[in-house]
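Here is a friendly walk through one protein model. Please have the sequence and the 3D view open as you read.

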Amino acid sequence: MTHTLNLIFKRSLQLVGFLTFSVALIFPASAEAGPAKRPVVKKAHAAKVVSKKVVSSRKSARFVAKSSRSVVVVATPVRQSFGQIAGLHSAQDPLDLKSSVALVIDQDTHEVLFSKNDHAVLPIASLTKLMTGMIISGARLPMDESITITQDDVDTEKGSRSRLRVGASLTRGELLHLALMSSENRAAHALGRTYPGGMPSFVNLMNAKAKLLGMRDTRYVEPTGLSSQNQSSAQDLATLVNAAHGDPVLRELSTSTGYQVAVGSQTLQYNNTNRLVKNPDWDIGLQKTGYISEAGQCLVMQTKIAGRKLIMVFLDSAGKLSRLGDAERVRRWVESQPVNVPKISAVASHSNG
């Protein structure tokens, strides 16, 4: 009897153990007390949150909460230029230029050899500095006068950088050289700020000069080109290049390949923003580059090709080197033509004013 009871008790213990083991398999113990909660992932606006500790499979995915750190990737939309917004890039031209606006004129005869959206009014970026240079050069102010860079010259429009620190002193001639050759924004701003009558007087003179030259589509609000409110057309800019080319100071400084300035104990080396001035295949008499996102890549030049003096204007070019590529395409086209270059124009050109 005793043997039978012991056997029954032993089997009961085995049955209880089996049931306990089965329950443990079905309901595994949680690492933390309390009911398990599904992880909540909050969606961030204009940002993609990527957890560093993620374990995933086909059937399920859960976050391993060992670290609270996250990597936030902010998607910044690419800002379109005014030309892109206006649809100017849809215009097709025989040379397949990347600039949405282009104009090539014979400087002597004023004959238009190539045109593409040449009446469109767009931001002109640092092409503005050509007019800044014309006002400074024409004023006959002392070029050896020292001018100090101040906080007022720091770019608050685009936040662009400059090697000319606040407190640095350079001559007016040095600032003009850097503005035309290297497109130095603080240099250009300091030139306008220190002009007799101050910045308002200087900007008024810029607009008065444009009106005097017949540049009806042109407006200036400051001397650097950082503001997208500085606007013009290819037709007007060709007029400006022709007038600026008549000033030997502007010709020399804008085509200078490099320049050094002493700032305190440092000697700063500046180079031309247009690499074509170093190219032996080019004979450039005057040039200026420009860029802000609203304007795209811009370039104006006076050059001699196949014995002809030409004025070239390229606006709103997509790609850092595309404005130079467009200039090369035009040069090869002119060189491949007989004495009389036929005029060509873009198909279905557009204009925004």
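A residue is called buried when its relative accessible area is under 20%, exposed when that area is over 50%, and partly exposed in between (1.4 Å probe, protein chains only). Helices (H or I, at least four residues) and strands (E, at least two) are DSSP runs, numbered from the N terminus.

This is a predicted model, in which local features need pLDDT of at least 70, side-chain atom pairs count only at pLDDT 80 or more, and totals for chains, interfaces and linings use all residues. Residues are numbered from 1 along each chain as its sequence is written, and side-chain values use heavy atoms, with hydrogens and water left out.

**Confidence**

pLDDT is the predictor's confidence in each residue, from 0 to 100. The protein chain averages a pLDDT of 84, and 75% of the residues score at least 70. Please read two stretches with care: pLDDT stays under 50 over residues 19-67 and over residues 349-353.

**Helix H5**

Helix H5 (residues 185-193) is mostly covered, with 8 of its 9 residues buried. Those buried residues are Asn-185, Arg-186, Ala-187, Ala-188, His-189, Ala-190, Leu-191 and Gly-192. They pack against helix H3 (128-138), strand S8 (146-148), helix H4 (172-181) and helix H6 (198-212), where contact means heavy atoms within 4.5 Å. At the N-terminal end of H5, Glu-184 acts as a cap: one of its side-chain oxygens lies 2.9 Å from the backbone nitrogen of Arg-186.

**The sheet**

Strands of a sheet pair through backbone hydrogen bonds, either parallel or antiparallel. Two strands count as paired if DSSP finds at least two bridges between them. Here, 6 strands form an open sheet with mixed pairing, in the order S13-S14-S15-S5-S6-S16. Its edge strands are S13 (284-292) and S16 (344-345), each pairing on one side only.

The table lists three of the pairings, with a facing residue pair for each.

| Strands | Sense and bridges | Facing residues |
|---|---|---|
| S5 (residues 99-106) and S15 (residues 308-317) | antiparallel, 7 bridges | Val-101 and Leu-315 |
| S5 and S6 | antiparallel, 4 bridges | Leu-103 and Ser-115 |
| S6 and S16 | parallel, 2 bridges | Phe-114 and Ile-344 |

S5 and S6 form a hairpin with 5 residues between them, and His-110 in the turn has a positive phi of about 65°. S6 is mostly covered, as 4 of its 5 residues are buried.

**Helix H9 on the sheet**

Helix H9 (residues 322-336) lies across S5, strand S6 (112-116), S13, S14, S15 and S16, running at about 145° to S15. Such angles run from 0 to 180 degrees between N-to-C directions, with axes being lines fitted to C-alpha atoms, for helices over the stretch in contact. The buried residues of H9 include Leu-324, Ala-327, Val-330, Trp-333 and Val-334. Its buried residues pack against S5, S6, S13, S14, S15 and S16.

How far apart are the end C-alpha atoms of H9? They are 21 Å apart, which agrees with the 21 Å that its 15 residues should span at 1.5 Å a residue. The expected span is 1.5 Å times one less than the number of residues.

**Asn-274**

Asn-274 sits in the loop between strand S12 (266-271) and S13. Is Asn-274 buried or exposed? It counts as buried because its relative accessibility is 0%. Its side chain makes a polar contact with the side chain of Gln-287 (3.2 Å). A polar contact is a pair of N or O atoms within 3.5 Å; within protein, one must be able to donate a hydrogen and the other to accept it, and residues adjacent in sequence count only if both atoms are side-chain atoms. Leaving aside neighbours within four places in sequence, Asn-274 is in contact with Gln-287, Thr-289, Leu-299, Met-301 and Leu-324.
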